[in-house]
Amino acid sequence: MEFTEVIKNRYSCKNYSKTQISKEQLEAILEAGRVAPTAKNLQEQHIYVIQSPEGLAKIDGVTPCRYGAPTVLVVAYDKSNVYTYPGEKRTSGIEDASIVATHMMLAAYNAGVDSCWLNCFDPEKLAGDLDLPENEEILMLLDLGFASEEGKPLPNHYARKPLSETVSYL
C-alpha cells in the first residue's frame, strides 16, 4: 500500500468484529515496532500481546475503550533503560514507546488490520493487574482487529486544520 494512503486513510476504529487477526498480521505489526527508532538505539520498549479472555477482561476492567477488539497490545517501556536528555528534565521512554506504537499502528493499517490508540485507562492499575515488572511503565494500549459493519471513521476524522495554522517558518 502507498504510504500516503496509509497515513491519510487509517482511522481509530471504535467497533470491532469478533474475527481475530492472523498470526502473520500480528507478526508484521510487531516487527514494525521492533525496527522503530529509539534514542541511542536502547530499544526499551516491551510489547504485551493480549488475546486471552482473561487478559481481555483485565483490559476491560480498566477502560471502556476496547470496543470489542480481539487483540490488544500493551506498549510499555523499561524506565531503567532510557536516555536522559541534556538538562536532565526528560528521558526518552515516552517518546520512544510512542514511536514504536505509531509504527505498529500504521503497520496494522497496511496489513489490513484496524486499530485504535487508547490512553483512557489507569496505567498503574493495569500494570498491577497484569503483574508487570516494577521497572516498566505502560504508555498506551493499541486495539487491533477488523471493523464491524458499524465500525467506520468518526464524522470529524477527515477534518484537518490547514498547514498555515499548524506550521511556522522561523
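Start by selecting K23: in this predicted model, K23 is exposed, with a relative accessible area of 59%. Now add E27 to the selection. The two side chains meet in a salt bridge, 3.8 Å from N to O. Both residues belong to helix α2 and sit four residues apart, about one turn of the helix. E27 is partly exposed, at 44% relative accessible area.

Next, show the whole of α2, residues 23–34. Its twelve residues reach 16 Å from the first C-alpha to the last, close to the 16 Å expected at 1.5 Å a residue. Color Q25, L26, I29, A32 and G33, which are the buried residues of this helix. Look down the axis and you'll see them fall within an arc of 125°, so they line one face of α2. Turn to the face pointing away from that buried side, and you'll meet the exposed residues K23 and E24.

How many salt bridges does a search of the whole structure find? Five. You've already seen the K23–E27 one, so go to R90 and E95 for another, with 3.5 Å between N and O. R90 is exposed at 51% relative accessible area, whereas E95 counts as partly exposed at 32%.

Then jump to helix α5, residues 123–129, and pick K125 and D129, which are four residues apart, about one turn of the helix. Their side chains form a salt bridge too, at 3.0 Å from N to O. Both ends are partly exposed: K125 has 42% relative accessibility and D129 has 28%.

While you're in this part of the chain, select L126 and G61 and look at their C-alpha atoms. They are 65 residues apart along the chain, yet separated by 8.4 Å. G61 is in the loop between α3 (53–60) and β2 (71–78), and counts as exposed at 53% relative accessibility.

Now for the cysteines: select C65 and C120. Why is there no bond between these two? The sulfur of C120 is 4.4 Å from that of C65, its closest cysteine sulfur, which is too far for a bond; the cut-off for a disulfide is 2.5 Å. In fact, a search of the whole structure turns up zero disulfides. C65 is buried, at 12% relative accessible area, whereas C120 is partly exposed, at 44%.

Last stop: show L163, V167 and Y169 as a surface. Together they make a nonpolar patch with about 400 Å² of accessible area. Y169 lies in the segment after α6 (163–166) and counts as exposed, at 79% relative accessibility.

Key
Residues numbered from 1 in each chain as written. Predicted model: local features only at pLDDT ≥ 70, side-chain atom pairs only at ≥ 80, totals over all residues. Heavy atoms only, no water. Buried < 20%, exposed > 50% of the residue type's maximum accessible area, 1.4 Å probe, protein only. Patch = residues over 30% accessible without salt bridge, like charges linked within 9 Å, V, L, I, M, F, W, Y side chains within 5 Å. Areas by Shrake-Rupley, 256 points an atom, 1.4 Å probe, with all protein chains shown as cover. Salt bridge = Lys/Arg side-chain N within 4 Å of Asp/Glu carboxyl O. Helix = DSSP H or I, 4+ residues; strand = E, 2+ residues; numbered from the N terminus. Expected span 1.5 Å × (residues − 1). Arc of directions from axis to C-beta.
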